[in-house]
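The following exercises ask the reader to work through a single protein chain step by step. Each task is followed by its worked solution.

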Amino acid sequence: MAAGANLFDQHCAECHGELAEGGKKGPSLRADPVQQATPSSLFWILTNGVVRRGMPVWSKLPEPQRWQLVSYLKSLNPAPKSP
């Protein structure tokens, strides 16, 4: 998890916020759709991006590091539910 957290700080926090709560450019990664996604789905998104929504392609990041990011994302606590 620590390696994934470090990679998140380096590559993702600028868009998704320091705590993955969402930022200026990217959505919260604590939201239900992300937290309920399978690890392989998250890996696919990291590898291929969602360019029309501003998510870059991270295929140049070595595969083990992409899996570390996936592990970190899956370790996050989900966003609190609105009343």
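**Exercise 1: a residue in a loop**

Ala20 is found in the loop between α2 and α3. The model is predicted, local features require pLDDT of at least 70, side-chain atom pairs count only at pLDDT 80 or more, and totals for chains, interfaces and linings use all residues. Residues are numbered from 1 along each chain as its sequence is written, and side-chain values use heavy atoms, with hydrogens and water left out.

Task. Determine whether Ala20 is buried or exposed, and state the sign of its phi angle.

Solution. Step 1: apply the accessibility classes, in which buried means under 20% relative accessible area, exposed means over 50%, and partly exposed lies in between (1.4 Å probe, protein chains only). Step 2: the relative accessible area of Ala20 is 0%, so the residue is buried. Step 3: phi of Ala20 is positive, at about 65 degrees, although the residue is not a glycine.

**Exercise 2: the chain as a whole**

Task. State how many helices and strands the chain has, and compare its radius of gyration with the globule rule.

Solution. Step 1: helices (H or I, at least four residues) and strands (E, at least two) are DSSP runs, numbered from the N terminus. Step 2: the chain has five helices and zero strands, which gives the pattern α-α-α-α-α along the sequence. Step 3: the radius of gyration is 12 Å, close to the 12 Å of the globule rule for 83 residues, so the chain is as compact as a globular protein of that length. Here the radius is taken over C-alpha atoms, and the rule is 2.2 Å times the number of residues to the power 0.38. Step 4: along the principal axes, the C-alpha atoms fill a box of roughly 40 × 30 × 20 Å.

Task. Describe the burial, surface and contacts of the chain.

Solution. Step 1: of the 83 residues, 35% are buried. Step 2: the accessible surface is about 5,600 Å², and carbon and sulfur atoms hold 58% of that area; the areas come from the Shrake-Rupley method with a 1.4 Å probe, and for residues only the protein chains shown count as cover. Step 3: contact means heavy atoms within 4.5 Å. Among contacts with a separation of 6 or more, 46% join residues 24 or more positions apart.

**Exercise 3: charges**

Task. Count the charged side chains and identify which residues form a salt bridge.

Solution. Step 1: Lys and Arg count as positive and Asp and Glu as negative, whereas His and the chain ends are not counted. The charge is placed at NZ of Lys, CZ of Arg, CG of Asp or CD of Glu. Step 2: there are 9 positive and 6 negative side chains, with the centres of the two sets 8 Å apart. Step 3: side chains of opposite charge can pair when their charged atoms come close. A salt bridge requires a side-chain nitrogen of Lys or Arg within 4 Å of a carboxyl oxygen of Asp or Glu. Step 4: this rule yields one salt bridge. The side chains of Lys25 and Glu14 form it, at 3.9 Å from N to O. Step 5: the pair links distant parts of the chain, eleven residues apart, with Lys25 in the loop between α2 (13-16) and α3 (32-35) and Glu14 in helix α2. Both Lys25 and Glu14 are exposed.

**Exercise 4: helix α4 and the following loop**

Task. Establish which residues Leu46, Thr47 and Val57 touch, leaving aside neighbours up to four places away in sequence.

Solution. Step 1: Leu46 lies in helix α4 (residues 39-48) and is buried, at 5% relative accessibility. Its contacts include Met55, Pro56, Val57 and Trp58. Step 2: Thr47 also lies in helix α4 and counts as buried at 16%. Thr47 is in contact with Val57, Trp58, Ser59 and Arg66. Step 3: Val57 is in the loop between α4 and α5 and is partly exposed at 42%. Val57 contacts Leu46, Thr47, Asn48, Gly49 and Val51.

**Exercise 5: helices α1 and α5**

Task. Find how Gly4 is placed relative to Ser75 and Leu73.

Solution. Step 1: Gly4 lies in helix α1 (residues 2-11) and is buried, with a relative accessible area of 2%. Step 2: Ser75 is in helix α5 (residues 63-75) and is partly exposed at 35%. Step 3: the C-alpha atoms of Gly4 and Ser75 are 9.9 Å apart, with 71 residues of sequence separation. For Gly4 and Leu73, 69 residues apart, the C-alpha separation is 8.1 Å. Step 4: beyond four places in sequence, Gly4 contacts Gln68, Leu69 and Tyr72.
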